[in-house]
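Trainee: Could you take me through one part of this model in detail? I'd like to start from a single residue and work outward to the ligands and strands around it.

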Amino acid sequence: MTDSNNNKSDIAHILTEALPYLQRFASKTIVVKYGGNAMESEELQNSFARDIVLLKAVGINPVVVHGGGPQIGELLERLNIKTRFVDGMRVTDSETMDVVQMVLGGLVNKEIVSLINKNGGRAIGITGKDGDFIWAQKLHKISDSDTASAGGREIIDIGHVGEVKAINTDILTMLEKSDFIPVIAPIGVDDHGKSYNINADLVAGKVAEVLHAEKLILLTNTRGVLDDNGKTITGLNVEQVNELIKDGTIHGGMLPKIQCALDAVRSGVNAAHIIDGRVIHALLLEIFTEQGVGTLISSTPSSSTRNT
Ligand SMILES: Nc1ncnc2c1ncn2[C@@H]1O[C@H](COP(=O)(O)OP(=O)(O)O)[C@@H](O)[C@H]1O
Ligand SMILES: CC(=O)N[C@@H](CCC(=O)OP(=O)(O)O)C(=O)O
């Protein structure tokens, strides 16, 4: 066989490997969290946008929830505003909240929408304030590390940081029916119209829950969840996650990620995956191949099966 025939047969092989997944996931919803750290290069951004357009073209309903932590950090630095995190959550005063809204609701959201549209999709960018669709309430962080020895638990005020109270699915269902791809910025609103900065992982998890999504896929900047030797853990259940949090192996930005993955699978989402957004076409590799990439989080005691 010539080289060109070899290539063609490779393509045919890849397509047939994808067939069972194409059939299984047709008309299902897949919620994709696109982390700020996975937006590193133009090549990666374009590969992400093409993957999303391809999912829609084959009859799957992708819903994108994006972050933008590093991008918020860059603008805060340019404006000389100091920032810090408590357990993966940015402490958000009023000044920081303005920057968060500018970066998440403006720059990053519209950039992703443009990329998807440029690649042939029809994306609509929204924050949780549009149509009041993400109802939020103030999040209080409870620390038991410093004060536990004194017998107390301290409530830390981290400013305009919210947690999701409820999600109105009307807008998302309407967009899906009209063939649009929703691109969601993680900003919520309360009964008084006050805005909240919500960790994007937490929004993605809740959106996956209320849409009864088939999968929640969290794209980040590591090969998945790593053990204390830096090796990728391919499958994790609730008990194993709790152990890794307790011994400090899972910390920082991975804490809200793993928590929302667990909550999602406990609430009926079939599978949650934490995968490497620095790999070109990571989404397609996870959804349409046997091996997948990254860590599968499951609610059952011992499951590390890929592509459930
Ligand atoms: N056990 C772990 N495995 C992998 N990453 C971890 C782990 N514990 C903490 N992390 C940190 O979590 C980060 C991912 O979270 P974050 O920076 O918030 O990413 P994103 O912007 O994609 O949400 C990793 O870059 C890593 O520094
Ligand atoms: C409360 C809180 O921490 N909000 C995040 C929102 C953006 C986000 O989650 O971005 P990544 O997914 O890229 O980390 C922040 O201010 O950075």
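**A close look around Gly-68**

Mentor: Happy to. Setting aside neighbours within four places in sequence, Gly-68 makes contacts with Gly-36, Val-103, Leu-104 and Val-108. Please keep in mind as we go that this is a predicted model. Gly-68 itself sits in the loop between β2 and α3. Is Gly-68 buried or exposed? Gly-68 is buried, because 26 other C-beta atoms lie within 10 Å.

The next residue to look at is Gly-69, which belongs to helix α3. Gly-69 also counts as buried, because it has 20 C-beta neighbours inside 10 Å, and the cut-off for that label is 20 or more.

Both glycines appear in a database record. The unreviewed UniProt entry carries a "binding site" annotation that covers Gly-68, Gly-69, Arg-90 and Asn-197. These positions are spread over 130 residues of sequence, yet they cluster in space, with a largest C-alpha distance of 11.8 Å.

Now bring in ligand 2. It is surrounded by 16 residues, and the closest are Gly-36, Gly-67, Gly-69, Arg-90 and Ala-200. Notice the overlap: Gly-69 and Arg-90 are in the UniProt annotation and also among the closest residues to ligand 2. Gly-36, a contact of Gly-68, is another of those closest residues. Helix α3 (69–78) and strand β4 (89–90) each supply at least two residues of the shell. By class, the shell around ligand 2 has 6 nonpolar, 9 polar and 1 charged residues.

Ala-200, one of the closest residues to ligand 2, leads us to helix α6. This helix spans residues 200–210 and is mostly covered, with 10 of its 11 residues buried. The buried ones are Ala-200, Asp-201, Leu-202, Val-203, Ala-204, Gly-205, Lys-206, Val-207, Ala-208 and Glu-209. Lys-206, Asp-201 and Glu-209 are worth finding on your screen, as they are in that buried list. Just after α6, His-212 takes a positive phi of about 50°.

Go back to the loop that holds Gly-68, and follow it into strand β2. Residues 61–66 form β2, which pairs with β1 in the parallel sense over 6 bridges. Within that pairing, Val-31 has Val-63 in β2 as its bridge partner. Between the two strands the chain passes through helix α2 (residues 42–57), and this β-α-β crossover is right-handed. β2 also pairs with β8, again in the parallel sense, over 2 bridges. There, Val-64 stands opposite Val-183 in β8.

Strand β1 covers residues 29–34, and 6 of its 6 residues are buried. In a regular strand the side chains alternate between the two faces of the sheet. For β1, Thr-29, Val-31 and Lys-33 point one way, while Ile-30, Val-32 and Tyr-34 point the other, and all are buried.

β8 can be read in a similar way. Strand β8 (residues 181–185) is mostly covered, with 5 of its 5 residues buried. Ile-181, Val-183 and Ala-185 point one way from β8, and Pro-182 and Ile-184 point the other way. β8 is also joined to strand β5 (residues 123–127) by 5 bridges, and these two run parallel. In that pair, Ile-124 stands opposite Pro-182 in β8.

β1 has a second partner too. It is joined by 5 bridges to strand β11 (residues 215–220), and the two run parallel. The bridge partner of Ile-30 in β11 is Lys-215. Leu-219 lies in β11 as well, and it is buried, because 28 other C-beta atoms lie within 10 Å. Leaving aside neighbours within four places in sequence, Leu-219 is in contact with Val-32, Lys-33, Tyr-34, Gly-35, Ala-38, Ile-275, Gly-277 and Ala-282. Arg-278 is 59 residues away from Leu-219 along the chain, while their C-alpha atoms are separated by 8.4 Å.

That brings us to ligand 1. Of the 18 residues around it, Gly-35, Asn-37, Thr-220, Gly-253 and Met-254 come nearest. Gly-35 should look familiar, as it is a contact of Leu-219. By class, the shell around ligand 1 has 5 nonpolar, 12 polar and 1 charged residues.

Note on methods. Residues numbered from 1 in each chain as written. Chains lettered and ligands numbered in written order. Predicted model: local features only at pLDDT ≥ 70, side-chain atom pairs only at ≥ 80, totals over all residues. Near = placed C-beta within 6 Å. Nonpolar A, V, L, I, M, F, W, Y, C, P; charged D, E, K, R; others polar. Buried ≥ 20, exposed ≤ 12 C-beta atoms within 10 Å, placed from the backbone. Helix = DSSP H or I, 4+ residues; strand = E, 2+ residues; numbered from the N terminus. Pairing = 2+ DSSP bridges. Right-handed = clockwise from strand over helix to strand, strands pointing away. Contact = placed C-beta atoms within 7 Å. UniProt positions renumbered as here; feature names shortened; annotations may be inferred.
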